[in-house]
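Work through the exercises below with the sequence and the model side by side. Try each task before you read its solution.

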Amino acid sequence: MDKNLQEEFTQIIKFEPPLYKQRYQFVKDLVEKYKPKKVADLGCADCSLLWMLKFCSCIEVLAGLDICANVMKEKMHTLSPLPVDYLQPSERSLTVTLHHGSVAHKDPCMLGFDLVTCIELIEHLEESELKKFPEVVFGFMAPSIVVISTPNSEFNSLLPRVMLYRHPDHKFEWSQAEFQSWALETARCYDYSVEFTGVGHPPTGMEKVGFCTQIGVFVRKYPQTGEPVQSEQPMEAVYKTVFKAVYPSLKDEKYLQTAVINEVIFTAQIIKHRLMSKREEYSDDPERKSKFQPSTDCFSDYLGKLVVEKDMEPFVSGNEVYIPLATIFSFPKVNRLCGTFEKLRKLIAGKVTLSRDGSAVMFNIEHENEEN
């Protein structure tokens, strides 16, 4: 490649989307492919990757680890549940935890993860830490999948203003051959396979330079047969927990009950409104009024196929409107939340006004008119 042409590439090269976003998207795509429930991000820094991963519906446990607590603390609030998470709890559970510590140390809180990510981490490690890193991650933690990304030093000649390393804190930057040699040896030692890829394509005509960020995806060859040997586990925690958030979930009975009560009242109100509207239509016409029977088919147009039994039809008696629980349970969202009719009755007991026999939600029209 002509030197002048290489200098031209150095001036114009620009990644779209930005390289860090491409790295995060790579991890997200991997999560969507393998559906891990527990994910740990080592060297999580400002928690940006964790924030992106918290929206992946398959993940139930997220953990971050970094040697710099201050960097995590600056952005850890972005991992906290929002008001909408309490108003509309998810059907899955999600716990997010941040730890302060070194990847060169073992801590039992990092056991049991399906996927471990190390994005732009290893180049920040001292030589002594890098030697301990494989045993901690592949030997002790032993997740099903490990993703490691690191700068490709061969690409540096194409990047403006890069003299030696891309960041002043980098202790080294490997060529493709150096990274692959280290990765293959690590995989061999701990019974993993490894595939190489990357993000940040080189310019046309300079494909041999490789990706700007080189990535190794390690997959454990044999499934975990049991818990790690007890003697290998530290008896005490080494890391310090600096943040923990437990998201509201419908798996929690408290949030499930609130969601069911709200949905039952909402559904019953809609049915009552439609029923009363029909009743008013008939009351305006004496001839139609004489034919009006609240508990007949006048409401079946709204319920459609849901109303198939006589005792599922809503009706008016004096100043009270009755909406059978069987009708409410027939609505898909209520049915999905409760699962069984008995569970519905249990969750709303004492929280929703019911008829004497407990078979219907009851509204007093007179009281509502007075309030209005």
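**Exercise 1. Locate Asn 152 and decide whether it is buried or exposed.**

Step 1. Asn 152 sits in the loop between strand 5 (145-151) and helix 7. Helices (H or I, at least four residues) and strands (E, at least two) are DSSP runs, numbered from the N terminus.

Step 2. This is a predicted model, in which local features need pLDDT of at least 70, side-chain atom pairs count only at pLDDT 80 or more, and totals for chains, interfaces and linings use all residues. Residues are numbered from 1 along each chain as its sequence is written, and side-chain values use heavy atoms, with hydrogens and water left out.

Step 3. Asn 152 counts as buried because its relative accessibility is 0%. The cut-offs are these: buried is under 20% relative accessible area, exposed is over 50%, and partly exposed is in between (1.4 Å probe, protein chains only).

Step 4. Now list contacts (heavy atoms within 4.5 Å). Not counting residues up to four places away in sequence, Asn 152 touches several residues, among them Arg 166, Trp 174, Val 209, Phe 211 and Gln 214.

**Exercise 2. Do the same for Trp 182: which helix holds Trp 182, and what does Trp 182 touch?**

Step 1. Trp 182 belongs to helix 7 (residues 176-189).

Step 2. The relative accessible area of Trp 182 is 15%, so Trp 182 is buried.

Step 3. Leaving out residues up to four places away in sequence, Trp 182 touches Leu 130, Phe 133, Pro 134, Ile 148, Trp 174 and Phe 218.

**Exercise 3. Trace the sheet of 8 strands and place helix 7 on it.**

Step 1. The sheet is open, its order is 6-7-5-4-1-2-3-8, and its pairing is mixed. Two strands pair if DSSP finds at least two bridges between them.

Step 2. Find the edges. Strand 6 (192-199) and strand 8 (240-246) each pair on one side only.

Step 3. Check the twist. Neighbouring strands of this sheet are turned by 15 degrees against each other on average, direction ignored. Axes are lines fitted to C-alpha atoms, for helices over the stretch in contact, and angles run from 0 to 180 degrees between N-to-C directions.

Step 4. Pick one pair. Strand 5 and strand 7 (residues 213-220) are antiparallel, over 7 bridges. Pro 151 has Thr 213 in strand 7 as its bridge partner.

Step 5. Add the helix. Helix 7 packs on the sheet and touches strand 5, strand 6 and strand 7. The direction of helix 7 makes about 155 degrees with that of strand 6.

**Exercise 4. Explain why strand 9 and strand 11 each have one side without a neighbour in the sheet.**

Step 1. This open sheet has 3 strands in the order 9-10-11, with antiparallel pairing.

Step 2. Strand 9 (315-317) and strand 11 (360-364) stand at the edges with a single partner strand each, so one side of each has no neighbour in the sheet.

Step 3. On average, neighbouring strands here are turned by 25 degrees against each other, direction ignored.

Step 4. Strand 9 pairs with strand 10 (residues 320-324) over 3 bridges, in the antiparallel sense. Within this pair, Ser 317 stands opposite Glu 320 in strand 10.

**Exercise 5. State how many helices and strands the chain has, and what share of its residues is buried.**

Step 1. Count the elements: the chain has 14 helices and 11 strands.

Step 2. Of the 372 residues in the chain, 45% are buried.
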